[in-house]
Amino acid sequence: DYHVLQACADTYGYEVVVLEKIQEDGRDISSSFVREEIMKGNIEKANHLLGYEFFVQNTVVHGRRLGHTIGIPTINMEFEKQKLLPPNGVYISRVLVDEKAYLGVTNVGCKPTVSDSGKVGVETHIVAYSGDLYSQTLTVQFLHFIRPEMKFASVEELKAQMEQDIMFAKETCER
């Protein structure tokens, strides 16, 4: 704690400045507070508490290429079960590719329309990007919750909803 730091300050030649804890909504801002907001899906609140956008970073892996076949290609990332992810759902995101930021629409979940594995992953359509990103390590920043993950009656219904999600993301980010 800061007492130990103060006791060693003269020996090692540094100054200790103790600051009061910063609070939000009557609570100390802490990693627990941030994790709670992420787990509730309050992405904007978590981002405010963090002072930057909550993100995931991992290597792009091959999926089933369904997005590509329906004209909405996606990148896929897989994570260990203990990785903190927001609740299953669709989010407006920002994807960092080669130090350039792109608008994204990200699904966190198990893709119930096309899979019954129950395995949770992160799948992102990168708006206005084309190219091969397999095996690259990318960062996906979460900006805004759009809707919960849903099971659709058909791939055509899923595609129509994805198109609506992409349009919503574009309109929201143009404001």
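1. In this predicted model, Glu24, Asp25 and Lys45 are joined to one another through a network of salt bridges. They belong to a wider set, since a search of the whole structure finds ten salt bridges. The next three points take up individual pairs, with a look at where each partner sits and how much of it is open to the surroundings.

2. Within helix H2, which covers residues 31-40, Lys40 and Glu37 are three residues apart, about one turn of the helix. Their side chains meet in a salt bridge, with a distance of 3.4 Å from N to O. The two partners are not covered to an equal degree: Lys40 is exposed, with a relative accessible area of 53%, whereas Glu37 is buried, with a relative accessible area of 7%. A reader following this helix in the structure can therefore look for a salt bridge with an exposed lysine, Lys40, and a buried glutamate, Glu37.

3. A second pair brings together Lys119 and Glu78, whose side chains form a salt bridge at 3.6 Å, N to O. Lys119 is in the loop between E6 and E7 while Glu78 is in strand E4, so this pair ties together parts that are 41 residues apart in sequence. Glu78 itself is partly exposed, with a relative accessible area of 41%.

4. The third pair is Asp165 with Arg147, where the closest N and O atoms of the salt bridge are 2.8 Å apart. Because Asp165 lies in helix H5 and Arg147 in strand E8, the pair ties together parts that are 18 residues apart in sequence. Are these two partners buried or exposed? Asp165 is buried, with a relative accessible area of 4%, and Arg147 is buried as well, at 11%. If residues up to four places away in sequence are left out, Asp165 touches Val90, Val105 and Ile146 in addition to Arg147.

5. Helix H5, which spans residues 155-174 and holds Asp165, also contains Cys173. This cysteine is partly exposed, with a relative accessible area of 42%, while Asp165 in that helix is buried. Which residues does Cys173 touch, not counting residues up to four places away in sequence? They are Ile92 and Leu103. Cys173 and Ile92 are 81 residues apart in sequence, yet their C-alpha atoms are 8.8 Å apart in space.

6. The largest pocket deserves a careful look, and a general idea helps in picturing how such a space is found. Rolling a probe the size of a water molecule over the atoms shows where empty space is left. Here the largest pocket holds about 970 Å³ of space. Its lining is made up of 50 residues, and those nearest its centre are Thr74, Ile75, Asn76, Lys111 and Glu123. Two or more lining residues come from each of helix H4 (66-69), strand E4 (75-78), strand E6 (100-109), strand E7 (121-126) and H5. Of these contributors, E7 gives the most, with six residues.

7. Two residues stand out for their backbone angles. Most residues other than glycine have a negative phi. Lys111, although it is not a glycine, has a positive phi of about 50°, and Ala128, likewise not a glycine, has a positive phi of about 60°. Where in the fold are Lys111 and Ala128 found? Lys111 lies in the loop between E6 and E7, and Ala128 is in the loop between E7 and strand E8, the latter covering residues 137-148. Lys111 is partly exposed, with a relative accessible area of 29%, whereas Ala128 is exposed, with a value of 74%. Lys111 also links this point to the previous one, as it is among the residues that lie nearest the centre of the largest pocket.

8. The last point concerns the surface, where Tyr2, Leu5, Tyr12, Tyr14 and Val18 form a nonpolar patch. Together these residues have about 520 Å² of accessible area. One of them, Tyr2, is placed in helix H1, which covers residues 2-12. Tyr2 is partly exposed, with a relative accessible area of 38%, and it therefore passes the cut-off for patch members, which must have over 30% relative accessible area.

Definitions and conventions:
Residues are numbered from 1 along each chain as its sequence is written. This is a predicted model: local features need pLDDT of at least 70, side-chain atom pairs count only at pLDDT 80 or more; totals for chains, interfaces and linings use all residues. Side-chain values use heavy atoms; hydrogens and water are left out. Patches are made of residues with over 30% relative accessible area and no salt bridge: like charges are joined within 9 Å, nonpolar side chains (Val, Leu, Ile, Met, Phe, Trp, Tyr) within 5 Å. Accessible areas come from the Shrake-Rupley method with a 1.4 Å probe; for residues, only the protein chains shown count as cover. A salt bridge is a side-chain nitrogen of Lys or Arg within 4 Å of a carboxyl oxygen of Asp or Glu. Helices (H or I, at least four residues) and strands (E, at least two) are DSSP runs, numbered from the N terminus. Buried means under 20% relative accessible area, exposed over 50%, partly exposed in between (1.4 Å probe, protein chains only). Contact means heavy atoms within 4.5 Å. On a 1 Å grid over the protein atoms alone, a cavity is a set of points where a 1.4 Å probe fits but cannot get out, and a pocket is an open set with protein on both sides within 12 Å along at least five of seven lines; lining residues have an atom within 4 Å of a point. Grid points are joined across faces, edges and corners, and a volume is the space filled by probe spheres set on the points.
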